[in-house]
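Visitor: Could you walk me through this protein, one question at a time?

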Amino acid sequence: MPIELSATDRLRESGIRVTVPRRIIFQYLIDNKTHPTCDRIYNDLKDTNSSLSLATVYNVTEKLVQENLVNVFVAPDGEHHYDSITEFHGHLYCEQCMTIFDFKSKPDKIPDILKGAVIKSVSYMAVGHCPECAKKRK
């Protein structure tokens, strides 16, 4: 099993200047596979990082997305969610518990109509009920 690099190592490897906010926010995203929003990141980190602002969280997450260190997607709740897993995979958004789950998936073949297009990202979002909520509905 490969050793996962720390946020600091991954930032340096990508040629990005390591700052305290970048390191803290990126490490949070690596450690928390919950697909948080900027508000969630800020609320979870502000008590232990008093100099952190919501604007900083927005700026850092935007930079991490630009550098392909994290992915961002808009879930059915209308919020931007951040994911440190950058390999292609799908998400299930549970309408009942509003949790987002990862699942393995492969990108489909590009349709002929898109031949020659420059595709920046492809996402796969399933919406429904997670297994636990589906059981409760029966």
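The questions and answers below go from the overall fold to the core, the pocket and the cysteines.

Guide: Happy to help! This is a predicted model, in which local features need pLDDT of at least 70 and side-chain atom pairs count only at pLDDT 80 or more, while totals for chains, interfaces and linings use all residues. Residues are numbered from 1 along each chain as its sequence is written, and side-chain values use heavy atoms, with hydrogens and water left out.

Visitor: Which pattern does the protein follow along the sequence?

Guide: Helices (H or I, at least four residues) and strands (E, at least two) are DSSP runs, numbered from the N terminus. The protein has 5 helices and 5 strands. Read along the sequence, they give the pattern α-α-α-α-β-β-β-β-β-α.

Visitor: Which helix gives the most to the largest nonpolar core?

Guide: A nonpolar core is a set of buried Ala, Val, Leu, Ile, Met, Phe, Trp, Tyr and Cys residues joined through side-chain atoms within 4.5 Å; buried means under 20% relative accessible area, exposed over 50%, and partly exposed in between, with a 1.4 Å probe and protein chains only. The largest such core has 19 residues, and Ile25, Phe26 and Leu29 are among those with the most contacts inside it. At least two residues of this core come from each of α1 (7–13), α2 (20–31), α3 (38–45) and α4 (54–66). The most, 6 residues, come from α2.

Visitor: What is the volume of the largest pocket?

Guide: On a 1 Å grid over the protein atoms alone, a pocket is an open set of points where a 1.4 Å probe fits, with protein on both sides within 12 Å along at least five of seven lines; lining residues have an atom within 4 Å of a point. The largest pocket is lined by 20 residues, with Asn71, Val72, Lys120, Ser121 and Val122 nearest its centre. Grid points are joined across faces, edges and corners, and the volume is the space filled by probe spheres set on the points. For the largest pocket this comes to about 540 Å³.

Visitor: How many disulfides are there by this rule?

Guide: A disulfide is a pair of cysteine sulfur atoms within 2.5 Å. The sulfur of Cys130 has its closest cysteine sulfur in Cys133, 3.6 Å away, which is too far for a bond. Cys130 counts as buried because its relative accessibility is 3%. By this rule the count is 0 disulfides.
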